[in-house]
Amino acid sequence: MAQSVARDLAFVKSKVISRLLESDEFAKVMLRKEDFTDNEKNDMEYKQIFDYPYVDGTQEEVMPFVCVETVCRGTNRTIKSMDLYIWIFVHRDCMQMNKQHIKTYMGNRADVLMDIIERLLRGSNDLGIGNLSLLDIGYTIPQSKYFGRQIRYNIPDFKIKEVV
């Protein structure tokens, strides 16, 4: 199979989304309920978790959603520098958190999702060479009814590698 830098960008997104979908804490906050089925958890992909920047102006249901994207910042002879962007968008009508989560996390739903994601990815060494580096955490307002958080990581990696 032909190898490419672009393939690794998609690989990173896929690994990050898989890690999010494996987390029960993440699912509780995203689904806004304590008890859920594995189907409900796995159905979040392309309903609440997207592998591209997505903001829908006409949602039928008020809910948070997460978008993951990667970019290549440059390459040299052997190494590429990738940035991983994660956007967390929460409708203002579901921003307030249930007090049960306040014991472990602080803030509103966007803050809690940001914290969960940062904890899930901290120390990750399977996305590139060594651990990914947190570059910044900011906020965004994609439209009037949504507030969002943006997390950006840098991932150095071999320019082209075999992905298994």
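**Pairing, burial and a pocket in a predicted model**

Reader: What makes S4 and S5 a pair, and in which sense do they pair?

Author: In this predicted model, S4 and S5 are joined by 8 bridges in the antiparallel sense. Because two strands are taken to pair once DSSP finds at least two bridges between them, the 8 bridges between S4 and S5 satisfy that condition. Two of the partnerships can be named: aspartate 136 has arginine 152 of S5 as its bridge partner, and leucine 134 is partnered by tyrosine 153, also in S5. The connection between S4 and S5 is a hairpin that passes through 2 residues.

Reader: How do you know that S1 and S2 pair, and over how many bridges?

Author: Strand S1, residues 49-50, runs parallel to strand S2, residues 65-75, and the two share 2 bridges. Since the requirement is at least two bridges, the 2 bridges of S1 and S2 meet it. One of the residues involved is isoleucine 49, whose bridge partner in S2 is valine 66.

Reader: In which sense do S2 and strand S3 pair, and over how many bridges?

Author: S2 and S3 (residues 79-91) are antiparallel partners over 10 bridges, and phenylalanine 65 finds its partner in S3 at phenylalanine 89. A hairpin is formed by S2 and S3, with 3 residues lying between them.

Reader: In what order do the 5 strands form the sheet, and what is the pairing called?

Author: The order is S1-S2-S3-S5-S4 in an open sheet, and the pairing is described as mixed. S1 and S4 are called the edge strands, as each of them pairs on one side only.

Reader: Why is aspartate 157 called buried or exposed?

Author: The relative accessibility of aspartate 157 is 1%, and because buried means under 20%, this residue counts as buried. Aspartate 157 belongs to strand S5, residues 146-158. Once its neighbours within four places in sequence are set aside, aspartate 157 is in contact with Thr78, Ile79, Lys80 and Met82, and also with Leu127, Gly128 and Ile129.

Reader: Why does arginine 19 count as buried or exposed?

Author: Arginine 19 has 18% relative accessibility, and since the limit for buried is under 20%, arginine 19 is placed in the buried class. This arginine 19 sits in helix H1, and, with residues up to four places away in sequence not counted, it touches Leu120, Leu121, Ser124 and Asp126.

Reader: What makes H5 enclosed by the rest of the structure?

Author: Of the 13 residues of H5, 11 are buried, and therefore the helix is largely enclosed by the rest of the structure. Among those buried residues are Arg109, Asp111, Leu113, Ile117 and Leu121. The buried residues of H5 pack against helices H1 and H2 as well as strands S2, S3, S4 and S5. As to its span, H5 covers residues 109-121 and reaches 18 Å from its first C-alpha to its last, close to the expected 18 Å.

Reader: Why is glutamine 96 called buried or exposed?

Author: With a relative accessible area of 65%, glutamine 96 is called exposed, because that class begins over 50%. Glutamine 96 lies in the loop between S3 and helix H4. Glutamine 96 and glycine 130 are separated by 34 residues in sequence and, from C-alpha to C-alpha, by 36 Å in space.

Reader: How do arginine 32 and tyrosine 46 count in accessibility?

Author: Both values fall between the limits of 20% and 50%, so arginine 32, at 40%, counts as partly exposed, and tyrosine 46, at 44%, likewise counts as partly exposed. Arginine 32 occupies the loop between H2 and helix H3 and has a positive phi near 60° without being a glycine. Tyrosine 46 is in the loop between H3 and S1, and its phi, about 65°, is positive although tyrosine 46 is not a glycine either.

Reader: Which residues line the largest pocket, and how do they divide into nonpolar, polar and charged?

Author: The lining of the largest pocket includes Met30, Leu31, Arg32, Lys33, Glu40 and Asp43. The lining residues divide into 5 nonpolar, 1 polar and 6 charged. Gln48 is in the lining, and because glutamine is not in the nonpolar or charged lists, Gln48 counts as polar. The volume of this largest pocket is about 210 Å³.

Note on methods
Residues numbered from 1 in each chain as written. Predicted model: local features only at pLDDT ≥ 70, side-chain atom pairs only at ≥ 80, totals over all residues. Heavy atoms only, no water. Helix = DSSP H or I, 4+ residues; strand = E, 2+ residues; numbered from the N terminus. 1 Å grid on protein atoms, 1.4 Å probe; cavity = no way out; pocket = protein on both sides within 12 Å on 5 of 7 lines; lining within 4 Å. Points joined across faces, edges and corners; volume = space filled by probe spheres on them. Buried < 20%, exposed > 50% of the residue type's maximum accessible area, 1.4 Å probe, protein only. Contact = heavy atoms within 4.5 Å. Expected span 1.5 Å × (residues − 1).
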